[in-house]
Amino acid sequence: MFYHQLYLVLLLVLVTININSLALTIDQKSNTVHLEAPNLSGQYHNNRPSLPFSSNVNKIELISKADIINPCNGTFMKTNGTTCGLKEIMLGRCYQYQYIQRGLYLSNTTAVKNCTELYELFESEVRFKPYCNMNMSTYEKYFQRALEGVHVINRAIFWSGTYAITHTYSGHGHNYITLEDTLAANMLDGLMWCGKENDPQGFDYVSCPNNCQDNRWADLAFWGLASKTFAERVAGEIYVVLNGSRTDGRPSYRNGSYFAEFELPNFQRTGPYRVTKINILVLHTPDLPVVERCGDKSIIHLEHLIRDAQFEYICIDDPDELLLIMCGDSWGARECEVARTALRRAWDLKVLGKSNANYYPLSLLLLFFTGIFRQMLSN
């Protein structure tokens with residue numbers, strides 16, 4: 001009984017102290033700038049379809065009869081069809097990638113690809129052809145040419161349910177290289193396209209199919225082959241970033257994911273460009289529950305698959321580098337408060353030569369004393 005009373009008294013004292021300190025701090029910092037955190041925890045995605053099918057229904061904007069053939073003429077209007085300026089965007093990205101970003105992704109000995117040739121290889125397989133007639137061989141010539149002579153050694157990183165944070169961590173090619181950072185995928189990432197028979201443009205600018213019920217492979221024709229081709233060209237140590245805090249009911253590792261279907265089965269086991277080690281990084285979003293961790297549930301299944309394929313394997317929960325990125329996205333989260341306070345103190349010392357932080361947040365004190373009293377009461 002004595003410990004309970006003492007606990008309540010201390011809580012009241014802490015609340016009083018913290019309120020006074022907080023008021024002082026607010027007065028001192030009322031003129032500071034407040035920056036909103038970037039949203040990295042959301043599942044940013046490119047134009048990859050869901051596997052095997054998506055349940056979303058196409059929502060098509062109403063367009064005038066004058067623009068029914070090509071709504072890209074005149075005032076821009078968002079539709080669910082082929083991206084306006086598809087050719088120009090692809091050519092521009094190709095030149096930018098090779099002549100501006102070249103140092104990030106390619107070696108000095110890598111031959112420059114002919115951008116017009118790459119676009120024509122792509123167009124020849126798409127224009128005037130129904131989208132739902134596509135299959136996994138549709139874009140073979142395009143990928144063979146775009147990735148010819150390219151190998152990613154010790155820098156390849158894959159993702160599942162962690163698109164945004166993986167690309168932030170990779171630095172879009174500065175640190176590691178994702179599929180989307182290759183020339184072949186970069187030219188089309190985020191774009192929409194579908195061919196149309198008996199159309200003067202050869203493309204459907206109004207509505208592309210959301211999925212093809214009678215031909216699952218049409219939905220996988222581009223990104224499935226992109227994943228497979230990329231996996232065949234990675235070597236050395238590779239990295240796979242998984243989401244251990246999924247709230248959509250899906251496991252961290254899914255048998256129907258792109259990584260499961262097209263990437264893991266195509267890592268090279270022999271030869272000069274073989275994969276030597278697979279590093280699994282499992283992330284847990286701040287303020288969300290831990291659903292899976294290394295050595296748990298679906299990740300155990302993944303571990304067995306990797307070992308059966310005779311690859312060296314290691315799994316790490318929340319490496320330090322990614323913790324900082326996640327807290328940058330959720331700096332108000334309970335798990336990030338200690339790190340934020342320590343970081344601010346260190347930075348003030350660096351810039352100002354002293355620390356202006358003269359109080360601890362109430363939640364930190366409560367957590368500290370709660371732990372102490374729980375230990376005392378348990379004894």
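1. Lys228 and Glu232 form a salt bridge through their side chains, with N and O 2.7 Å apart. The two residues are four positions apart in helix α8, which means that about one helical turn separates them. Lys228 is partly exposed at a relative accessible area of 27%, and Glu232 is likewise partly exposed, at 23%. The model is a predicted one.

2. Helix α8 spans residues 216–232 and also matters for the interior count: with nine residues, this helix gives the most to the largest nonpolar core. That core has 67 residues. Phe122, Trp193, Phe267, Ile278 and Ile280 are the members with the most contacts inside it.

3. Which residues are in contact with Ile278, leaving aside its neighbours within four places in sequence? The list contains the nonpolar residues Ile238, Val240, Leu264, Phe267, Ile306, Phe311 and Ile314, together with Glu312 and Tyr313. Phe267 therefore appears twice in this account: Ile278 and Phe267 are in contact, and both belong to the group with the most contacts inside the 67-residue core, where a member has to be buried, that is, under 20% relative accessible area.

4. A further core, of 11 residues, lies apart from the largest one. Its members include Tyr239, Leu281, Leu322 and Ile325.

5. On the scale of the whole chain, there are 13 helices and five strands. Of the 379 residues, 44% are buried. Among contacts with a separation of 6 or more, 77% are between residues 24 or more positions apart. The accessible surface of the chain is about 20800 Å², and carbon and sulfur atoms account for 55% of that surface.

6. The whole structure holds 10 salt bridges. Besides the pair in helix α8, one of them joins Lys129 to Glu125, with 3.6 Å between the closest N and O atoms. Lys129 has a relative accessible area of 34% and is partly exposed; Glu125 is also partly exposed, at 22%.

7. Arg334 and Glu335 meet in a salt bridge as well, with an N to O distance of 3.9 Å. The cut-off for such a pair is 4 Å, so this one is within the limit. Glu335 is partly exposed, its relative accessible area being 36%. Elsewhere, salt bridges link Glu117, Arg145 and Glu148 in a network.

8. The number of disulfides is six. With the bonded cysteines counted along the chain, they pair as 1-2, 3-4, 5-8, 6-7, 9-10, 11-12. Three of the links are described in the points that follow.

9. Cys72 is joined to Cys84 by a disulfide with an S to S distance of 1.9 Å. The angle about the S-S bond is -85 degrees, and the link is left-handed. Both cysteines lie in the loop between α1 (2–28) and α2 (86–99), so the pair ties together parts 12 residues apart in sequence. Cys72 is partly exposed at 22% relative accessible area, and Cys84 is partly exposed at 25%.

10. The disulfide of Cys132 and Cys212 has its sulfur atoms 2.0 Å apart and is left-handed, with -80 degrees about the S-S bond. Which parts of the chain does this pair link? Cys132 sits in the loop between α4 (115–124) and α5 (140–146), and Cys212 in the loop between α7 (183–186) and α8, a spacing of 80 residues. Are the two ends buried or partly exposed? Cys132 is partly exposed, at 29% relative accessibility, whereas Cys212 is buried, with a relative accessible area of 2%.

11. Cys194 and Cys208 make up another disulfide, with 2.1 Å between the sulfur atoms. The torsion about their S-S bond is about -85 degrees, so this link is left-handed. Cys194 and Cys208 are both in the loop between α7 and α8, 14 residues apart. Each of these two cysteines is buried.

Notes. Residues numbered from 1 in each chain as written. Predicted model: local features only at pLDDT ≥ 70, side-chain atom pairs only at ≥ 80, totals over all residues. Heavy atoms only, no water. Buried < 20%, exposed > 50% of the residue type's maximum accessible area, 1.4 Å probe, protein only. Contact = heavy atoms within 4.5 Å. Areas by Shrake-Rupley, 256 points an atom, 1.4 Å probe, with all protein chains shown as cover. Core = buried A, V, L, I, M, F, W, Y, C linked by side-chain atoms within 4.5 Å. Disulfide = S-S within 2.5 Å.
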